[in-house]
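I opened this notebook to record what I looked up, entry by entry, for someone who has not met this structure before. I began with the enclosed spaces and then turned to the packing of helices.

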Amino acid sequence: GCMNKWIRLSFLILGAGTIFKLSSMKDVFYVPMQQDWGLTNAQIGFGFTVYTIVQTIGLFSSLYIADRFSKKILLPVGLIGVGLCGAYLSTLPPFTGYLIAFAIMALFADVIYWPVLLKAVRLLGDKKEQGRLFGFLEAGRGVVDVIIASGALYVFVLFGEGKAGMQAGLMFYTIVTVLIGVITYFIVTDDDKKVVENASEANKQVIEGIKSVIKCPNLWLASMTIFFIYASYCGLTYFIPFLKDIYALPIALIGAYGIINQYALKMVGGPIGGFLSDKVFKSPTKFLQFTCLLSAVAMGLFMLLPHETMNVYLGMAATLGFGAIIFCQRAIFFAPMEEIGTKREYAGSAMAFACILGYMPAMFAYAIYGSFLDNYPGITGYNFVFSMMIMFSLLGFVTAKILTKRIKQREADTATANE
């Protein structure tokens with residue numbers, strides 16, 4: 001029943017919030033990663049390049065996996081696999097080991113786990129509930145993120161804020177991830193999918209899905225909008241070293257700030273984004289169009305602030321205010337999937353396609369932003385990063401605007417056809 005649905009969603013959210021904690025260790029441990037592990041900005045960024053390459057290539061195969069195997073197997077396997085990588089990372093391996101671990105985590109988290117999770121959430125509700133379900137998913141992930149990341153930060157401080165602290169924090173992530181993987185197995189139901197007579201029939205269906213999905217210009221536009229928002233989102237990470245370098249914020253505080261910057265904003269952004277999108281704009285695409293313009297303007301104003309002389313709390317407030325705009329967008333940037341009218345039986349393929357294109361910026365954004373910071377010390381490097389973020393927001397505005405026009409046109413055409 002209904003209660004059951006929300007309990008299931010809650011457990012899915014628990015996994016969704018935990019599985020990315022290890023691959024996003026930079027949110028809490030960015031400065032220790034530099035100081036105790038000895039990685040440069042560009043090296044840390046390169047971990048995400050490797051991660052995203054595997055993710056992108058892998059998502060092509062997950063077009064195939066997501067609609068073929070039961071979520072009862074795929075979801076726990078994803079969580080436990082990531083946990084094992086965490087156990088290795090907690091030894092603080094050399095740069096190469098760091099890269100390999102990130103590659104394997106991408107496989108378990110993004111290829112095996114994530115599209116299946118999105119599909120499971122989408123199919124929990126009907127068209128009217130999509131904004132709410134995905135908003136609740138993001139918000140719930142935010143809650144889980146904050147609790148688990150704070151646990152890691154607590155362990156880090158407990159073990160003396162240095163190398164040992166970081167190792168303990170990573171072990172903490174590892175144990176929690178594996179534990180939730182085991183619980184997920186017992187909570188998730190087997191797929192009640194249309195029984196397909198033979199495998200070749202199923203493959204044909206998946207190929208049909210991919211073909212129909214790739215031919216849809218609106219899906220390309222929706223995915224490009226995600227791409228540009230995500231490229232701008234990648235810049236939020238650099239508020240962390242920004243506050244250390246320009247505002248001289250102490251390390252434990254930076255860890256706490258990272259948690260607010262990445263996770264608490266999700267809790268706020270999720271429901272607000274979902275609500276504005278469903279109720280005020282009545283269209284996720286229109287909402288994204290407006291917020292892209294807003295974030296470009298906001299970042300322009302942010303760059304004009306006198307950061308070298310400004311009060312540190314004002315600086316933190318300004319960065320968080322900007323982050324909030326981006327998180328309102330992130331919460332619902334998959335919501336246009338219903339609006340553009342992708343067929344529901346191709347839900348898996350459409351989501352995977354949007355993930356492939358949409359998350360691609362991580363392949364280059366972190367590495368480029370990071371090397372700007374390595375090559376241009378001080379405020380100059382950050383201004384380069386911020387200017388690129390403005391550019392991406394403006395491009396997102398353009399693609400969302402074109403898509404809004406096309407949706408209007410499509411609805412007008414349908415209306416005429418029905419008269």
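**Entry on cavities.** I searched the whole structure, which is a predicted model, and the search found four cavities of 30 Å³ or more. I then took the largest and noted its volume as about 410 Å³.

I asked which residues lie nearest the centre of the largest cavity. They are Phe20, Ser24, Tyr230, Tyr233 and Arg330, out of 25 residues that line the largest cavity. I went on to look up which helices take part, and I found that α1, α2 (26-35), α3 (41-65), α5 (95-122), α6 (130-158), α9 (217-233) and α11 each supply at least two residues of the lining of the largest cavity. Of the elements, α3 gives the most to this lining, with four residues. When I sorted the lining of the largest cavity by class, I wrote down 11 nonpolar, six polar and eight charged residues.

**Entry on the second largest cavity.** For this one I noted a volume of about 100 Å³. The second largest cavity is lined by 13 residues, and those closest to its centre are Phe134, Glu138, Arg330, Ala331 and Phe334. I recorded α5, α6 and α13 as the elements that give two or more residues to the lining of the second largest cavity, and among the elements α6 gives the most, with four residues. By class, the lining of the second largest cavity has 10 nonpolar and three charged residues, with no polar ones. I also marked Arg330 in my margin, since the name appears among the residues nearest the centre of the largest cavity and again among those closest to the centre of the second largest.

**Entry on α11 and α13.** I next looked at how helix α11 (residues 251-280) packs with helix α13 (residues 312-332), and I noted an angle of about 50° with the axes 7 Å apart. The two helices are therefore oblique to each other, and α11 passes α13 in a right-handed crossing. On the α11 side the contact includes Tyr257, Ile260, Leu265, Gly269, Gly270, Gly273 and Gly274, while on the α13 side I listed, among others, Met316, Leu320, Gly323, Phe327 and Ala331. The residues of the contact of α11 with α13 divide into 11 nonpolar, nine polar and one charged.

**Entry on α1 and α7.** Helix α1 (residues 2-18) and helix α7 (residues 163-187) pack at an angle of about 155°, and I noted their axes as 10 Å apart. That angle makes α1 roughly antiparallel to α7, because angles over 145 degrees count as roughly antiparallel. The contact is made by Arg8, Phe11, Leu14, Gly15 and Thr18 of α1, together with Val176, Thr177, Ile180, Ile183 and Ile187 of α7. I counted this contact of α1 with α7 by class as six nonpolar, three polar and one charged. The crossing of α1 and α7 is left-handed.

**Entry on α12 and α17.** How do the axes of helix α12 and helix α17 cross, and within what distance do they come? For helix α12 (residues 284-304) and helix α17 (residues 379-418), I found that the axes come within 8 Å and cross at roughly 160°. That makes α12 roughly antiparallel to α17, and α12 passes α17 in a left-handed crossing. I closed this entry with the classes of the contact of α12 with α17, which has 15 nonpolar, nine polar and three charged residues.

Terms used
Residues are numbered from 1 along each chain as its sequence is written. This is a predicted model: local features need pLDDT of at least 70, side-chain atom pairs count only at pLDDT 80 or more; totals for chains, interfaces and linings use all residues. Side-chain values use heavy atoms; hydrogens and water are left out. Axes are lines fitted to C-alpha atoms, for helices over the stretch in contact, and angles run from 0 to 180 degrees between N-to-C directions. Angles under 35 degrees count as roughly parallel, over 145 as roughly antiparallel, 65 to 115 as roughly perpendicular and the rest as oblique. A crossing is left-handed if the near helix is turned anticlockwise from the far one by less than a right angle, and right-handed if clockwise. Contact means heavy atoms within 4.5 Å. Ala, Val, Leu, Ile, Met, Phe, Trp, Tyr, Cys and Pro count as nonpolar, Asp, Glu, Lys and Arg as charged, and the others, Gly among them, as polar. On a 1 Å grid over the protein atoms alone, a cavity is a set of points where a 1.4 Å probe fits but cannot get out, and a pocket is an open set with protein on both sides within 12 Å along at least five of seven lines; lining residues have an atom within 4 Å of a point. Grid points are joined across faces, edges and corners, and a volume is the space filled by probe spheres set on the points.
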